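Work through the exercises below with the sequence and the structure side by side, and try each task yourself before you read its solution.

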Amino acid sequence: MKIIPLFSALPIVLAASACATSSAAPTAAPSVSAKLAAGDGSARGTATVTEAADGLHVLVKGVGLTPGMHGVHIHTIGTCTGPDFTSAGGHWNPTGHQHGKDNPAGMHMGDMPNMQAGSDGTGEIEYVVKGGTISDGANPLLDADGAAIVIHATADDYKSDPAGNAGGRVACGVLSKG
Ligand SMILES: [Cu+2]
């Protein structure tokens with residue numbers, strides 16, 4: 001009777017060690033992340049950008065936001081100086097288009113869907129920037145001056161050049177590796 005627990009435990013140990021070995025082997029996909037903050041330095045969430053075959057997979061999680069819709073973009077300079085965050089420049093636009101998916105002359109590569117913040121101040125968007133790369137290719141996200149994620153006070157109308165009439169910049173985070 002005492003030997004049965006030993007035999008039943010053995011396959012679990014073997015399976016666990018095989019798992020640990022295989023998960024360490026593949027190279028991780030290139031990714032960068034940002035901690036978002038308001039002009040007064042308080043936390044406003046996080047962003048991660050992971051490169052895949054179809055482009056950049058962007059996940060932005062907001063906290064402490066005013067309930068309602070907020071424009072969210074990738075801005076072209078990785079500098080977040082409060083309180084207005086104009087230091088982050090305009091939208092990431094390596095292809096030289098106007099703003100917005102509903103603009104016939106659009107859109108910027110940094111244009112993304114609005115985030116709906118709930119009554120608890122949290123919201124989330126997931127979006128794929130098709131054809132985007134982090135460090136490789138002709139138009140990498142992290143060029144010499146980097147890039148930032150910005151959340152705006154109000155909704156992006158998806159067509160007004162250059163910034164969708166989305167109001168002030170209420171949160172900013174510099175994208176960086178690790
Ligand atoms: Cu913006």
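**Exercise 1. Decide whether Asn165 is buried, partly exposed or exposed, and then treat Tyr158 in the same way.**

Step 1. In this predicted model, Asn165 has 17 other C-beta atoms within 10 Å. A residue needs 20 or more such atoms to be buried and 12 or fewer to be exposed, and the class in between is partly exposed, so Asn165 is partly exposed.

Step 2. For Tyr158 the number of C-beta neighbours inside 10 Å is 19, so Tyr158 counts as partly exposed.

Step 3. Now place the two residues along the chain: Asn165 lies in the loop between β8 and β9, and Tyr158 is also found in the loop between β8 and β9.

Step 4. Finally, look at the backbone angles, where phi of Asn165 is near 55 degrees, a positive value in a residue other than glycine, while phi of Tyr158 is near 65 degrees, again a positive value in a residue other than glycine.

**Exercise 2. Work out how β8 is placed among its partner strands, and how its residues point.**

Step 1. Begin with burial: 5 of the 5 residues of β8 are buried, so this strand is largely enclosed by the rest of the structure.

Step 2. Follow the directions of the residues, and you find that Ala148, Val150 and His152 point one way from β8, whereas Ile149 and Ile151 point the other way.

Step 3. Turn to one partner, β5, which pairs with β8 in the antiparallel sense over 4 bridges; in this pairing His75 stands opposite Ala148.

Step 4. Turn to another partner, β9, which pairs with β8 in the antiparallel sense over 5 bridges. Here Ile149 stands opposite Gly173, and the bridge partner of Val150 is Cys172.

Step 5. Check the burial of this partner as well: 6 of the 6 residues of β9 are buried, so β9 is largely enclosed by the rest of the structure.

**Exercise 3. Find which residues have the most contacts inside the largest nonpolar core, and which strands supply it.**

Step 1. The largest nonpolar core has 31 residues, and those with the most contacts inside it are Ala148, Ile149, Val150, Ile151, Cys172 and Leu175.

Step 2. Several strands take part, for β1 (31–37), β2 (43–52), β3 (55–62), β5 (72–75), β6 (115–117), β8 (148–152) and β9 (169–174) each supply at least two residues of this core.

Step 3. Take Cys172 as an example: leaving aside residues up to four places away in sequence, Cys172 touches Leu36, Ala37, Cys80, Phe85, Ala88, Ala148 and Val150.

Step 4. As background, nonpolar side chains tend to be buried together in soluble globular proteins.

**Exercise 4. Describe the surroundings of Gly123.**

Step 1. Gly123 is found in strand β7, which covers residues 123–130.

Step 2. Because Gly123 has 22 C-beta neighbours inside 10 Å, it counts as buried.

Step 3. Not counting residues up to four places away in sequence, Gly123 touches Gly62, Leu65, His70, Met115, Gln116, Ala117 and Gly118.

Step 4. Choose His70 from that list and compare two kinds of distance: Gly123 and His70 are 53 residues apart in sequence, yet 9.3 Å apart in space from C-alpha to C-alpha.

**Exercise 5. Locate the cis peptide bonds from Gly82 to Pro83 and from Gly106 to Met107.**

Step 1. The bond from Gly82 to Pro83 is cis, with omega near 5 degrees, and Pro83 has its place in the loop between β5 and β6.

Step 2. The bond from Gly106 to Met107 is cis as well, with omega near 15 degrees, and Met107 too has its place in the loop between β5 and β6.

**Exercise 6. Summarise the whole chain, and say where the confidence of the prediction is below 50.**

Step 1. The secondary structure comes to 1 helix and 9 strands, and from the N terminus on, the elements run α-β-β-β-β-β-β-β-β-β.

Step 2. Of the 178 residues, 33% count as buried; among contacts between residues at least 6 apart in sequence, 57% join residues at least 24 apart.

Step 3. The chain averages a pLDDT of 89, and 84% of the residues score at least 70. Over residues 1–25, however, the pLDDT is below 50, and this stretch has 0 contacts in the model beyond near neighbours in sequence.

Technical notes. Residues numbered from 1 in each chain as written. Predicted model: local features only at pLDDT ≥ 70, side-chain atom pairs only at ≥ 80, totals over all residues. Core = buried A, V, L, I, M, F, W, Y, C linked by C-beta atoms within 7 Å. Contact = placed C-beta atoms within 7 Å. Pairing = 2+ DSSP bridges. pLDDT = per-residue confidence, 0-100.
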